[in-house]
Every structure is written in structure tokens, then in C-alpha cells.
Amino acid sequence: KDTIVRVPAACTAQGYVEIGGQNVVMMAGPCTVESEKQLLTTAEAVLEKGAVILRGGAFKPSTSPYGYRGMGLEGLKLLAKARDTFGLAVITEVMTPTDVSLVSEYADILQIGTRNMQNYMLLDEVGRSNMPVVLKRGMSAKIEEWLLAAEYILAQGNKNVILCERGIRTFESATRNTMDLSAIPVVKNLSHLPIISDPSQGTGHRHLVEAMSLASVTAGSDGLLVEVHPNPEEALKDGAQSLTIGQYQQLMARLNGVALAV
Ligand code: PEP
């Protein structure tokens, strides 16, 4: 039986959103929480055009130790403020087992990033919580390894697991990662878990996000996780892959006809 993960979302008609049900769930927001103004401006804009879940990193993994690593607790508080203001549910990354309880106080969905897909202590800890979890695919992980990582969470009793295809590492360098769109129907065939797609991390280029969003939905994705920034040129992280608010509105217009969870 397919798993449906229910997440409270006051902005929806029924007060919750289901991931893995009939409808495509839009999750959008900045890569990284940078300020109250940046977050609330983005939250309002994405809510107005179909998003029911706000994304935003507070604890950020960074390939370089000199890259921006997020606002931490202050970022979590801003996400909670955005939820209180707009009724959007909140998804944000948790990087360590010791942060799981803290992040759970402020988030509705815990995100496990690509770099931590096989951090088994972290998987065990989120498995012991009952929080919805988005488990991103490791950048070099086979689908079998990804499903077994999900199994770590399920084995601890947490059934609220959502998989996220976010691109894998290949020889191709025209894109930041290679979106493995075939992973979506493969996972649908092998697993009962819902699967969403992250075309922002998956491509690394904002001009590719719309095409890969449409392709993901066509391939059967249960939702999209999309980065949006009021001024991507000035973003502290991943501006190149962040949509402007106008581009986000255009993406939503292109998704017209797709049954969205609202
Ligand atoms: C993110 O979504 O903020 C992120 C860092 O993604 P990934 O783990 O896929 O690189």
C-alpha cells in the first residue's frame, strides 16, 4: 500500500497536506534563510502561487568550510515566524543527531541532505522521532542504497518518509548534477514511499528548473522542492539555481493543469 505522508499546513483548506496522494505538492523558498525580509517576502510570494510548504536552510552543509553555513537557531525562528504569518508548513535540513529535537520544534518536515544520506546515526535519530522526513538521494548513491537508507528510518518506527531525487554525480559538467528522472518511476515501482524532485539542486541553473520541474511531474513526482529568492544575484548561497519570484510565477503558470495540493 502506498504511503501517504500527512503534514499540517494551516494555509490549506483542510489544514494539512498529503504527500504521496493524488496531488502534486509544491515546496518552495530560499535555499538559505538570510534575513526576515528575504524569507517573508519569498514566503508570501510562493504562497500566493500554489506553494503549501516553505523551504529554507538554517543549518547549511557547505562543500567549502568558507561558504555560508546558515543562521542556525535564528534561521529556525524566522521559519517558524513565516509559518505563523502565512500558514505554510516548513521544511528545513537537520545535519546532526543532536539537532533533531531542536529542529523538530520549529519544522514540520526534517530534510536529510544528500551528504547525509548514509549518516546512519542521523537516520536512526530521525527514525525515533515521528516527524515527516524528506530523505534526499546521496549524490553518488544507487537507488538500492537510497531505499536502504530510508529503511533505517522506517526500521526505527517512523513511517513518514518521503524520498527526494536531487541529481547525481556523473561525468557531465554542463549541469551541477544530473537529474535522474528515471529514478522517479523506478522508485514508484520498487517502493511504497512518496518521491519528490529537487530541480534546483538537480541542475544548478535557474534556466533549467522549469523544464526539469515539468519533466519530474510527468515522470510521476509527488512534489517539487524549488529554490526561490527575491534577488538571486545577491543570495548568500546557490543564487545561480534560485528562481526569481517572477520566474517562480511563470513556472506555476506552466504547471497550470497539474492537480496541485492546495
Ligand atoms: C538543500 O536543499 O538545501 C541542499 C543542500 O540540498 P542537497 O542536500 O540536495 O545538496
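Reader: How far apart are the end C-alpha atoms of helix α2, and what span should its residues give?

Author: This is a predicted model, so let's check the helix against simple arithmetic. Helix α2 runs over residues 73-86, which makes 14 residues, and at 1.5 Å a residue they should span 20 Å. The end C-alpha atoms agree with that, sitting apart by 20 Å.

Reader: Where do the buried residues of α2 lie around its axis?

Author: The buried ones are Gly75, Leu76, Leu78, Leu79, Ala82 and Arg83. They take up an arc of only 160° around the axis, so they end up on the same side of α2. That fits a handy rule: an α-helix has 3.6 residues a turn, so residues three or four places apart point the same way. As for what covers the buried residues of α2, the list includes α1 (36-48), β4 (53-55), β5 (89-93) and α3 (100-106).

Reader: Which residue just after α2 takes a positive phi?

Author: Step just past the end of α2 and check the backbone angle there. Phi is positive, at about 80°, and the residue is Gly87.

Reader: How wide an arc do the buried residues of α6 cover?

Author: Helix α6 spans residues 183-190, and its buried residues are Ala183, Ile184 and Val187. They sit on the same side of α6, because their arc around the axis is only 100°.

Reader: What covers those buried residues of α6?

Author: Helices and strands both turn up here. The cover includes α5 (143-155), β8 (161-165), β9 (195-197) and α8 (206-219).

Reader: How many residues around the ligand are charged?

Author: The ligand's surroundings include Glu93, Lys136, Arg166 and Asp198. By class, the shell has two nonpolar and four polar residues, and the charged ones number four.

Technical notes:
Residues are numbered from 1 along each chain as its sequence is written. This is a predicted model: local features need pLDDT of at least 70, side-chain atom pairs count only at pLDDT 80 or more; totals for chains, interfaces and linings use all residues. A residue is buried if 20 or more other C-beta atoms lie within 10 Å of its own, exposed if 12 or fewer, and partly exposed in between; C-beta atoms are placed from the backbone. Helices (H or I, at least four residues) and strands (E, at least two) are DSSP runs, numbered from the N terminus. The arc is that of the directions from the helix axis to the C-beta atoms. Two residues are in contact if their C-beta atoms, placed from the backbone, lie within 7 Å. A residue is near a molecule or strand if its C-beta atom, placed from the backbone, lies within 6 Å of it. Ala, Val, Leu, Ile, Met, Phe, Trp, Tyr, Cys and Pro count as nonpolar, Asp, Glu, Lys and Arg as charged, and the others, Gly among them, as polar. The expected span of a helix is 1.5 Å times one less than its number of residues.
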